[in-house]
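Q: Please take a close look at the salt bridges in this structure. I should like to know where the partners sit, how far each is exposed, and how the pairs relate to the domains, the nonpolar core and the strand pairing.

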Amino acid sequence: MLVLVGLALFLVPAEPLTAFPPKFQVGKLNQDVVVRCDTSEQHIYWTLNGDEEPMAELVPEGQKLTIVGLDLPATGNYSCWAGPGHLLDTTYVVLSSTREEELNVSCQAESYNGSFHCSWPGPPSAIFRARLIRSDGSVGPWVPVASEQDQFSTSLADTLFCPFGEELRPLQLHLEGLSDTSYLNLSRHFFLRDIVRPEPPQQLILQQRGEQLHLAWAPPASWPLPKSYFALLYHLQYELHNGSQVEQFVEGAEETPVPVGAGWVRISCRDPYTPPAWSPWSAWMGLDAPQ
Ligand SMILES: *[C@@H]1O[C@H](CO)[C@@H](O)[C@H](O)[C@H]1NC(C)=O
Ligand SMILES: *[C@@H]1O[C@H](CO)[C@@H](O)[C@H](O)[C@H]1NC(C)=O
Ligand SMILES: *[C@@H]1O[C@H](CO)[C@@H](O)[C@H](O)[C@H]1NC(C)=O
Ligand SMILES: *[C@@H]1O[C@H](CO)[C@@H](O)[C@H](O)[C@H]1NC(C)=O
Ligand SMILES: *[C@@H]1O[C@H](CO)[C@@H](O)[C@H](O)[C@H]1NC(C)=O
């Protein structure tokens, strides 16, 4: 990632990439790279980033072009032409990155249905695509990755994922990134159960039962059913009128008596059987609303 940033500062490429190019080739620094023009035309010529006489050392031969000793100035858009305006083929040539392991990818799922979301920071000039090696070993399609400033994010789904079975094999996320000059390739393995973080519980309502005020709620809409199988542990936090806080944990129920003197409440939940994250808190709800 640092390398990508560094390179982008020192080189001004032809055009910034906006989508993954259909054809690209990855070369190592100082090694020769052979680019092919997919054509039967006999007389062709090449441009690099639109330039007919680039500084790079290039050896054309028939439909092939050898880039001798790939370096930064020799990376970019190699296009072959039959004549002015008669574009035949385009290959994007980049250097392989050596620092790929530094990408800080974090993934989260709201449920056990096989869908999850990943995000990571990266240089704004880079583009990424992602795919999933599913739990049965089959390879999913590439999906585009959205970017907002220097933050990248994507949603993936293993449609074969079985929420009821024990998760025996990890999911495998495969990411490819291209900056103007370099290529990055990395995989992440994880179990869905380790990245599950529910959404907050919903539909908090107050019920008067005799003298006692009860609070009831519903599991997050995205949490799977049946409740008997996909249990949730709830964490309630009350703020009392005298300013102190009271914690309460509830499992196997979706209601509880409200402690005396409580003015405000908020609630969060998690899967009771896997250790990871609590859901975000719900918004604070006032308990003194006019009845
Ligand atoms: C490469 O250059 C060709 C010719 O100018 C253009 O059509 C193509 O979109 C460029 N490709 C990329 C990935 O910039
Ligand atoms: C990686 O990202 C997570 C979540 O965005 C963050 O909490 C963590 O500090 C980051 N780690 C590093 C080494 O930057
Ligand atoms: C990227 O990594 C995958 C898996 O490690 C490998 O199969 C693939 O050939 C790599 N792609 C390139 C262009 O190096
Ligand atoms: C899984 O659940 C989420 C939240 O309800 C939903 O957005 C997503 O489309 C579901 N994915 C699949 C594969 O059913
Ligand atoms: C607030 O009220 C609760 C319950 O009546 C009591 O246990 C607690 O000590 C009180 N806290 C303060 C700061 O007075």
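A: A residue is called buried when its relative accessible area is under 20%, exposed when that value is over 50%, and partly exposed in between. The model is a predicted one. It holds 4 salt bridges, and three of them are described here in turn.

The pair with partly exposed partners is that of Glu254 and Lys227, whose closest N and O atoms are 3.1 Å apart. Because Glu254 lies in the loop between E19 and strand E20 (255–257), while Lys227 lies in the loop between E17 and E18, this salt bridge ties together parts that are 27 residues apart in sequence. Lys227 has a relative accessibility of 46%, so it falls in the partly exposed class. Glu254, at 23%, also counts as partly exposed.

A second pair joins Asp89 to Lys23, with 2.6 Å between the closest N and O atoms. These partners come from distant parts of the chain, 66 residues apart: Asp89 belongs to strand E7 (residues 86–96), and Lys23 to the loop between helix H1 (2–10) and strand E1 (24–27). Here the burial is mixed. Asp89 is buried, with a relative accessible area of 12%, whereas Lys23, with 32%, is partly exposed.

In the third pair, the side chains of Glu176 and Arg129 meet at 2.8 Å, N to O. Glu176 is in strand E14 and Arg129 in strand E10, so this salt bridge connects parts that are 47 residues apart in sequence. Both of these residues are buried.

The two strands of that third pair also have a place in the nonpolar core. The largest core has 43 residues, and those touching the most other members are Val105, Phe116, Trp120, Leu173, Leu192, Leu215 and Tyr238. Strand E10 (127–133) and strand E14 (171–178) are among the strands that each supply at least two residues of this core, as are strand E17 (212–218) and strand E18 (233–240). The core draws at least three residues from each of domain 1 (1–196) and domain 2 (202–286). A separate core of 15 residues includes Val33, Cys37, Ala56 and Leu65. In soluble globular proteins, nonpolar side chains tend to be buried together.

How many salt bridges are counted between domain 1 and domain 2? The count is 0. The C-alpha centres of the two domains lie 45 Å apart, and 8 residues of domain 1 are in contact with 11 residues of domain 2. The area buried between the domains is about 770 Å², with 60% of it given by carbon and sulfur atoms. On the domain 1 side, Tyr112, Phe164 and Val196 supply 57% of the area buried against domain 2, more than any other three residues.

Strand pairing completes the setting of the Glu254–Lys227 pair. E18 and E19 belong to an open sheet of 4 strands in the order E19-E18-E21-E22, with antiparallel pairing. Its edge strands, strand E19 (245–251) and strand E22 (285–286), each pair on one side only. Between E18 and E19 the antiparallel pairing runs over 7 bridges, and Glu239 stands opposite Gln245 of E19.

Key. Residues are numbered from 1 along each chain as its sequence is written. Chains are lettered from A and ligands numbered from 1 in the order in which they are written. This is a predicted model: local features need pLDDT of at least 70, side-chain atom pairs count only at pLDDT 80 or more; totals for chains, interfaces and linings use all residues. Side-chain values use heavy atoms; hydrogens and water are left out. A nonpolar core is a set of buried Ala, Val, Leu, Ile, Met, Phe, Trp, Tyr and Cys residues joined through side-chain atoms within 4.5 Å. Buried means under 20% relative accessible area, exposed over 50%, partly exposed in between (1.4 Å probe, protein chains only). Domain bounds come from an automatic or database domain assignment. Two strands pair if DSSP finds at least two bridges between them. Contact means heavy atoms within 4.5 Å. Buried area is the accessible area (1.4 Å probe) that two parts lose on being put together, summed over both.
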